[in-house]
Each structure stands twice: as structure tokens, then as C-alpha cells.
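Morning, everyone. Please take a look at the structure on the screen, and then we'll talk about cysteines and cavities.

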Amino acid sequence: MINIGNDWDVIVGGEQSKPYYKALRQFLKSEYANHTIYPPAEDIFSALKCTSYADAKIVILGQDPYINPGEAHGMAFSVKPGAKVPPSLKNIFKELKDDLWCEIPGGNGYLMPWAEQGVLLLNTVLTVRAGISKSHGGKGWEHFTDHIIKSLNERERPLVFMLWGRAAQEKMSMIDARRHKVLIATHPSPLARGGFFGCKHFSQANAFLVENGDEPIDWQL
């Protein structure tokens, strides 16, 4: 059962009665019973638990969780305290330094301070089998995160959507760019073909927040 503990419960609660979610739940039961799956089951909805619907200012949309041990904890691009910083996150920190002169945090990839300020760190797919990227794609999570994006789009208070990579950009048609700020870049993974460095999404996002009467995000960890 979905149990977020904040206003997301009302927004996503109805999804669990739909056929796609029932099928997804059965799939996940089998996967967790027979394979190593990331993140741990209790962390699947961490992004929603840490950043409520009402408090969200920015949505950073990624692909699916990290596939290596001790990294994924339910928040896109973030890793658990003490975990080695993955290449994608290193590139995010490099762009932050170039864009806003943020110092690159030494060995710290835990992005909770961002989430606590209203940055929803959401993947399009919320689980993955260890070592196999995209292994839980097409199993139902995309419908669930479609519902999240559509719900955020309907919110009166404007948001910033950072869509990184093709999987994230497939959600673009669900967002009204006349009301919200939509920023597009390639995925920050070193495997992606350019287009992330120099995007200046962080400064653009903060400028939009200020223009709309919101506090900017302190991106420095």
C-alpha cells in the first residue's frame, strides 16, 4: 500500500486501485523476493515523503535509480551518506560550480538539503534490478509518474521542471510551459552525448522562483 505521510497520499492514493498499479505491485513483490532491487522497498517513495506536493518548487526528473550497492535511496541522483559520488552526480556538481560558483562537495552526494527546500528529486521509474539499468521500465511506473507530473502541472503555484534525458523529456507534453518553467538538457551521465554542461538550469530556476515570489534554492551542500 502507498503510505507517503503527507498531501501526496490524497493525490496518488487512487492509483493503487487501478489495474496497472496492481500489476506493478505483483511484479515488485516477485522482484524483491527473487532479486536484489534498488532502492530498498521502504525507500521507494522517499522523494515524495521528503518534498510534499504543496512545498515543491522545482522538479528534477531523472530516469531510474542507481544500479550499484549502497547508492539509491529513492531520490533521483542522490546517494546515501558515505556512498561514493556517482559520475552523473559529479557532472551535476561541475555544472553547479560553473553556473552558481558552488563548491564541489568532497565525497558528499546526499541531496536531502535540496529536497527539504522544495526540490522534488523524481525518477520516471522508481525501482531497478541491481546492475541492470532500465530493467523495471515498462512495468507501470511510467503511468504512476505521469500522474505525478500531471498533478503538479495542475497546481496554481508555478514550478520549475528540469527534464534531463529522453525518459524525462517524454513527460514534456504533460506540462503547460506557459505557466511553468521547463528546462531541457541531456542526461548528466558521462555516457550521454553532450548538452548538459553549460545548461545553467540552476541559475535559471532560481531566477524564475524569485520572479514568482518564491525563495531561491541554496544549492550548496
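How many disulfides does the structure hold? Zero. Keep in mind that this is a predicted model.

Why is Cys102 in no bond? Its sulfur is 13 Å from the closest cysteine sulfur, the one in Cys199, and that is too far for a bond. A disulfide needs the two sulfurs within 2.5 Å. Turn to Cys199 and the partner is Cys102, again with 13 Å between the sulfurs, and no disulfide.

Buried or exposed, these two? Cys102 is buried, at 9% relative accessible area. Cys199 counts as buried too, with a relative accessibility of 13%.

Now the cavities. There are two of 30 Å³ or more.

Take the largest. It encloses about 70 Å³ of space. Which residues line it? Among them are Ile44, Phe45, Pro65, Met75 and Leu126. Two elements, α3 (46–50) and β3 (119–123), each give two or more residues to this lining. β3 provides the largest share, with three residues. By character, the lining has nine nonpolar residues, two polar and no charged.

On to the second largest cavity. It holds about 30 Å³ of space. Here we meet Cys102 again, as one of the lining residues. Others in that lining include Phe93, Trp114, Trp219 and Gln220. Glu103 lines it as well. The split is seven nonpolar, one polar and one charged.

So much for the tour. To recap: zero disulfides, and two cavities of 30 Å³ or more. Thanks, everyone.

Key:
Residues are numbered from 1 along each chain as its sequence is written. This is a predicted model: local features need pLDDT of at least 70, side-chain atom pairs count only at pLDDT 80 or more; totals for chains, interfaces and linings use all residues. Side-chain values use heavy atoms; hydrogens and water are left out. Buried means under 20% relative accessible area, exposed over 50%, partly exposed in between (1.4 Å probe, protein chains only). On a 1 Å grid over the protein atoms alone, a cavity is a set of points where a 1.4 Å probe fits but cannot get out, and a pocket is an open set with protein on both sides within 12 Å along at least five of seven lines; lining residues have an atom within 4 Å of a point. Grid points are joined across faces, edges and corners, and a volume is the space filled by probe spheres set on the points. Helices (H or I, at least four residues) and strands (E, at least two) are DSSP runs, numbered from the N terminus. Ala, Val, Leu, Ile, Met, Phe, Trp, Tyr, Cys and Pro count as nonpolar, Asp, Glu, Lys and Arg as charged, and the others, Gly among them, as polar.
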